[in-house]
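Please look over the notes below with the sequence and the model open beside you. They go from the overall layout to the interior.

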Amino acid sequence: MNNSSIGKIAEMDFAKECIKRGIVPSMPLDDCGGYDFIIEKNGNLVKVQIKSTQTICTVKKCYRIAVQKGMNGGKSYSDSDFDILSIYIHDLNIWYHMPNSKVKARSIALRPHNPKTKYEIYRNWEAIYLLLR
């Protein structure tokens, strides 16, 4: 499966998870913006950028995600491009949801098997619920 298909699967899973939680997901007609979804609950809107991976780095035992526009080393995102970065790890069926203010690097290493990592607090839907209030 190519990277585009992997990304589309993550986007469809995100939409399904939103609907299950009573959140309305909407996708733009093209992908020229800095977000993949606008989600809505109780009249509040949030822009969400989706990233995904299915490959573990065997040396460091982590899942590495490039946080940049495009698939091959594009531009960095601006502060206004999205409100939440949602990351899906396919083979573990795990979601992370980070506020844009906490995304400081162009690459993130996630270690879902280590509960003491700095990103573990984002392994839930709370960041999305907080912004949708």
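1. From the N terminus on, the elements of the protein chain run α-β-β-β-β-β-β-β-β-α. That makes two helices and eight strands, taken as DSSP runs (helices H or I, at least four residues; strands E, at least two) and numbered from the N terminus.

2. This is a predicted model, in which local features need pLDDT of at least 70 and side-chain atom pairs count only at pLDDT 80 or more, while totals for chains, interfaces and linings use all residues. Residues are numbered from 1 along each chain as its sequence is written, and side-chain values use heavy atoms, with hydrogens and water left out.

3. Of the 133 residues in the protein chain, 40% are buried (under 20% relative accessible area, with a 1.4 Å probe and protein chains only). The C-alpha atoms fill a box of roughly 45 × 30 × 30 Å along the principal axes.

4. The largest nonpolar core (buried Ala, Val, Leu, Ile, Met, Phe, Trp, Tyr and Cys residues joined through side-chain atoms within 4.5 Å) has 17 residues. Phe14, Phe37, Ile39, Val48, Ile50 and Ile128 have the most contacts inside it. Helix H1 (3-20), strands S2 (37-41), S3 (44-53) and S6 (84-89), and helix H2 (126-131) each supply at least two of its residues. H1 gives the most, with four residues.

5. Which residues does Ile128 touch, not counting residues up to four places away in sequence? They are Phe14, Ile23, Ile39, Ile84, Ser86 and His97, where contact means heavy atoms within 4.5 Å.

6. Another core, of 16 residues, lies apart from the largest one. Ile65, Ile89, Tyr96 and Leu110 are among its members.

Note on methods: Buried < 20%, exposed > 50% of the residue type's maximum accessible area, 1.4 Å probe, protein only.
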